[in-house]
Amino acid sequence: MHDETHHGDLLVILRHAPHGSSWLREGLDAALVAAAFERRVTLLFLGEGALALLEGQGVGPLGQKGTAPTLAMLEMYDIDRLLVEERALRDYGLDASMLLLPARPVGATEMAEELAAHSLVLNF
């Protein structure tokens, strides 16, 4: 039985810093592919993943491309539900005004609700 596409299709959890591995880029790529197939995508930047939302993410030490160009594409793909872990912002001394994109800070309770509300969750 085919499930109709609905709000809360796919939650992509991004928990890795922009540099040091390809996890963040792969997670963003998965989100773009899903959105291209008309899935409703929500991104949750968790822990070190919150650092991806900062300005000045240039080329990494291993020559990895920065994530800013990919983040800029999210809007073109109608990915506009961006959540960021409140605790991660606190841990890194950040606030929402410092972020490249308008991500909404969420606490543990709301994160649990988001996990429950999505039919598919991908961890990167």
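Which residues of α1 are buried? In this predicted model, the buried residues of the helix are Leu24, Gly27, Leu28, Ala30, Ala31, Leu32, Ala34 and Ala35. The cover over these residues includes β1, β2, α2 (68-73) and β5. To see how this helix fits in, it helps to begin with the chain as a whole.

The secondary structure of the chain comes to four helices and five strands. Read from the N terminus, these elements follow the order β-α-β-α-β-α-β-α-β. Of the 124 residues in the chain, 43% are buried. Contacts often link distant parts of the sequence: among those between residues at least 6 apart, 75% join residues at least 24 apart. As for confidence, the mean pLDDT of the chain is 86, and 85% of the residues reach 70 or more. Residues 1-6 are a stretch to treat with care, as pLDDT stays under 50 there. For these residues the model has five contacts beyond four places in sequence. Where pLDDT is low, the predicted coordinates should not be read in detail.

The five strands form an open sheet, and following it from one side to the other gives the order β4-β3-β2-β1-β5, with parallel pairing. The edges are taken by β4 (104-106) and β5 (120-123), each of which has a single partner strand, so one side of each is left without a neighbour in the sheet. From one strand to the next, the twist averages 25 degrees.

The pairings can be followed strand by strand. Strand β1 (residues 10-14) pairs with β2 in the parallel sense over five bridges, and here leucine 10 stands opposite valine 41 of β2. On its way to strand β3 (residues 81-85), β2 is joined by four bridges, again in parallel; leucine 44 has leucine 83 of β3 as its bridge partner. Three bridges then link β3 to β4, and these two strands also run parallel. In this pairing, valine 84 stands opposite proline 105 of β4.

Strand β2 deserves a closer look. Five of the five residues of this strand (residues 41-45) are buried, so β2 is largely enclosed by the rest of the structure. In a regular strand the side chains alternate between the two faces of the sheet. In β2, Val41, Leu43 and Phe45 point one way, while Thr42 and Leu44 point the other way, and all are buried.

Back to α1 (residues 23-36), which joins β1 and β2 in a right-handed β-α-β unit. The helix lies across β1, β2 and β5, and runs at about 165 degrees to β1. Its length can be checked with simple arithmetic: at 1.5 Å a residue, the 14 residues of α1 should span 20 Å, and the end C-alpha atoms are 20 Å apart, which agrees. Aspartate 29 also lies in this helix, but with a relative accessible area of 36% this residue is partly exposed. Between the C-alpha atoms of aspartate 29 and threonine 70 there are 8.0 Å, although the two residues are 41 residues apart along the chain.

Another helix, α4 (residues 108-117), lies across β1, β2, β3, β4 and β5 and runs at about 100 degrees to β4. Glutamate 114 is found in this helix. Is glutamate 114 buried or exposed? Its relative accessible area is 9%, below the 20% limit, so glutamate 114 counts as buried. Leaving aside residues up to four places away in sequence, glutamate 114 touches Leu11, Thr42, Arg81, Leu83 and Arg104.

Two loop residues complete the picture. Glutamate 38 follows α1 and is found in the loop between that helix and β2. Although glutamate 38 is not a glycine, its phi is positive, about 65 degrees. With a relative accessible area of 65%, glutamate 38 is exposed. Aspartate 78 sits in the loop between α2 and β3, and its phi is near 60 degrees, a positive value in a residue other than glycine. At 55% relative accessibility, aspartate 78 counts as exposed.

How values were computed
Residues are numbered from 1 along each chain as its sequence is written. This is a predicted model: local features need pLDDT of at least 70, side-chain atom pairs count only at pLDDT 80 or more; totals for chains, interfaces and linings use all residues. Side-chain values use heavy atoms; hydrogens and water are left out. Buried means under 20% relative accessible area, exposed over 50%, partly exposed in between (1.4 Å probe, protein chains only). Two strands pair if DSSP finds at least two bridges between them. A crossover is right-handed if, with the strands pointing away from the viewer, the path from the first strand over the helix to the second runs clockwise. pLDDT is the predictor's confidence in each residue, from 0 to 100. Contact means heavy atoms within 4.5 Å. Axes are lines fitted to C-alpha atoms, for helices over the stretch in contact, and angles run from 0 to 180 degrees between N-to-C directions. The expected span of a helix is 1.5 Å times one less than its number of residues.
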